[in-house]
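Happy to walk through this one with you, question by question. Have the model open beside you as we go.

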Amino acid sequence: MRAFDYQRARKPEDALSANAARYIAGGTNLLDLMKLEIERPERLVDLNALALDRIEDLPDGRLRIGALVRNATLAAHPLVVARYPVLSRALLAGASPQLRNRATTGGNLLQRTRCPYFYDPAQNCNKRDPGAGCSARGGLTRNLGILGISEACLATHPSDMAVAMRALDAVVETRLPGAPGETLGRSIPIAQFHLLPGSTPQIETILQPGELITAVVLPQPLDGAQRYRKVRDRASYAFALVSVAVTLKMKQQSVARVSLALGGVAPKPWRIEEAESRLVGQQLSDDALKTFCDALLSGAQGSATGNAADPHRLDNANDFKIPLARRMMIATLRDAAKEA
Amino acid sequence: MTDPDRPSRTRDEHPPGRRALLQAGAALGLAGGLDRPARAEPTPAAPPAKPAGAHPVARKVAKVAVTLSVNGQKHALSLDPRTTLLDALRETLRLTGTKKGCDHGQCGACTVLLDGVRINACLTLAVMHDNIPITTIEGVGGPDHLHALQQHFIDHDAFQCGYCTPGQICSALGMLGELKSGAASHVSAKLDGPHEASAAELRERMSGNLCRCAAYPNIIAAITDFAGKAA
């Protein structure tokens, strides 16, 4: 691990005034990457003493989740369990219990991809080393993306939590470095928070340098049913191959309202609101669902098995994600409809 | 092997066991002229023999004061901030019951309890835990005063090599606290509790602890037995 200066922030201003610092909260991804010297911060500001660890039931029915709320705490919170079960389910499907006890709400949004080429400094990676090229092309693509990817980068965002938050239309609240005494903050809809890689895969979010996530706000609870379904290579403690977060309200056999986000397939939670609008008023027929899935998977590119010498090797393809995502969307919507 | 911050160990405190012999062997290897890479150092300190700047890691680092409260004992330390909680426990405080497996949060061998909550000690910095009560396997029980769960691990033959066992036991204690609080798991049918300590629940809730000897059935049996008697 490279040397760094360490500082404890007692209030948000301490953090915001620390120039060129990286923030550390749970540290479960950052320290992992610092040990590999993929992350090399000059200065680390510890946020754990900040009073950002509360969950507030706002008067208008929204729920504000402090950035330092641990994933395990959030998953088990009675208001989340009662109103946003898709979020509890997504959190419980991610990582291990020890990691969930440490990882925070803000940090989960900011975790880096688990692309094996990003993690291996011997490989070329445009995200790690802009301009170096991408060794993932033609390589082991099993946990890489099929949507929103670019020539420069195939990486996926690995979070389960963010997929549920995208289906729930969460808003990320931040504070920006500013003049002393000045409060500069903004509210970022989660749809705009993560960026597609384009030719700059090293830029992953809309956050400016030094900008601090203070909370994530969930809108008023939705009626109907919520589901999170995750398919992975092991029954537990593995990243998603494909995951689906759904909120659904039916009225007289037809869709009254729906939101659906996919995980494991793109550099950000993947959701197409226009497709949802077109599904409203329709029954969940095979045709309607096909049209809906076609819209979500429009432009999907998977890589086919390319290793003829080792045909049993399963990790060098990801085109299976296209039919898998389709089946999961249909199955999850139909399952939700039973209670919606 | 020449970290100036490490307290020199006397024979009175620690009889030369397997660990000391292994370390002596490693030191001899260095003295014999073997060009060991810097990563052979057990603590993440810059190699002292090389001048500053010769290696990209060599940079003057300000030490950070931290009081670690471990198993009821307070230790006022001054640490290189890079020191993980795991390395501080093992290398600075000589509490070697907590094991280093993967050192990347994947195996759970380093599991300790932080204020009763289980975490991976390898993925957190020691300086982030000023005055927060930490319990390691040494604080759970020892040969003269076994914790009931340790006895159940012995009774059920719940380990072979034993390397993952301290982490399994700390993790199980934290896990049973989570279960008692009503927290759901991925396999729980309902999100609100209470949840039973069924085999399926225990397997999911212990999935952050790997066992290369695959003693899983006996680990689940030991925890089930303990949970039944403790309830």
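Q: Which residue in β2(B) stands opposite Val70(B)?
A: This is a predicted model, so everything here is read from predicted coordinates. In it, β1(B) and β2(B) pair in the antiparallel sense, over seven bridges. Along that pairing, the residue of β2(B) that stands opposite Val70(B) is Gln73(B).

Q: What is the phi of Asn71(B), and where does this residue sit?
A: Asn71(B) is found in the loop between β1 (64-70) and β2 (73-79) of chain B. It is partly exposed, with a relative accessible area of 30%. Most residues other than glycine have a negative phi. Asn71(B), which is not a glycine, has a positive phi, near 50°.

Q: In what order do the strands of the open sheet in chain B follow one another?
A: Five strands of chain B make up this open sheet, and their pairing is mixed. β2 and β4 of chain B each have a single partner strand, so they stand at the edges with one side left without a neighbour in the sheet. On average, neighbouring strands are turned by 40° against each other, direction ignored. Read across, the order is β2-β1-β5-β3-β4.

Q: Which residue in the turn of the β3(B)-β4(B) hairpin has a positive phi?
A: Strands β3 (residues 111-114) and β4 (residues 117-120) of chain B run antiparallel and are joined by four bridges. Leu114(B) stands opposite Val117(B) of β4(B). The hairpin has two residues between its strands, and the one in the turn with a positive phi, about 55°, is Asp115(B).

Q: At about what angle to β3(B) does α5(B) run?
A: The helix α5(B) lies across two strands of chain B, β3 and β4. Its direction relative to β3(B) is about 40°.

Q: Which residue lies in the loop between α4 and α5 of chain B and has a positive phi?
A: The loop in question follows α4 (148-155) and leads to α5 of chain B. The residue there is not a glycine, yet its phi is positive, at about 55°. It is Asp157(B).

Q: Which two residues of chain B does a cis peptide bond join?
A: Most peptide bonds are trans. Here, though, omega is about 0° at one bond, whose proline lies in the loop between α5 (165-180) and α6 (199-205) of chain B. The bond joins Gly193(B) and Pro194(B).

Q: Is Thr124(B) buried or exposed, and which side chain does its own side chain meet in a polar contact?
A: Thr124(B) lies in the loop between β4 and β5 (133-135) of chain B. Its relative accessibility is 0%, so it counts as buried. Leaving aside neighbours within four places in sequence, its contacts include Leu31(A) and Arg102(A) in the other chain, along with Thr84(B), Leu85(B) and Ile119(B). The polar contact of its side chain, at 2.7 Å, is with the side chain of His129(B).

Q: Which residues form the salt bridge between chain B and chain A?
A: The contact takes 45 residues from chain B and 38 residues from chain A. About 3,300 Å² is buried between the chains, 56% of it on carbon and sulfur atoms. The count of salt bridges between them is one. With an N to O distance of 2.9 Å, that bridge joins the side chains of Lys35(A) and Asp103(B).

Q: Which element gives the most to the side of chain B that touches chain A?
A: Between chain B and chain A there are 18 residue pairs in polar contact. On the chain B side, β1, β3, β4, α5 and α6 each supply at least two residues. The element that gives the most, with four residues, is β4(B).

Notes:
Residues are numbered from 1 along each chain as its sequence is written. Chains are lettered from A and ligands numbered from 1 in the order in which they are written. This is a predicted model: local features need pLDDT of at least 70, side-chain atom pairs count only at pLDDT 80 or more; totals for chains, interfaces and linings use all residues. Side-chain values use heavy atoms; hydrogens and water are left out. Buried means under 20% relative accessible area, exposed over 50%, partly exposed in between (1.4 Å probe, protein chains only). Two strands pair if DSSP finds at least two bridges between them. A polar contact is a pair of N or O atoms within 3.5 Å; within protein, one must be able to donate a hydrogen and the other to accept it, and residues adjacent in sequence count only if both atoms are side-chain atoms. Contact means heavy atoms within 4.5 Å. Axes are lines fitted to C-alpha atoms, for helices over the stretch in contact, and angles run from 0 to 180 degrees between N-to-C directions. Buried area is the accessible area (1.4 Å probe) that two parts lose on being put together, summed over both. A salt bridge is a side-chain nitrogen of Lys or Arg within 4 Å of a carboxyl oxygen of Asp or Glu.
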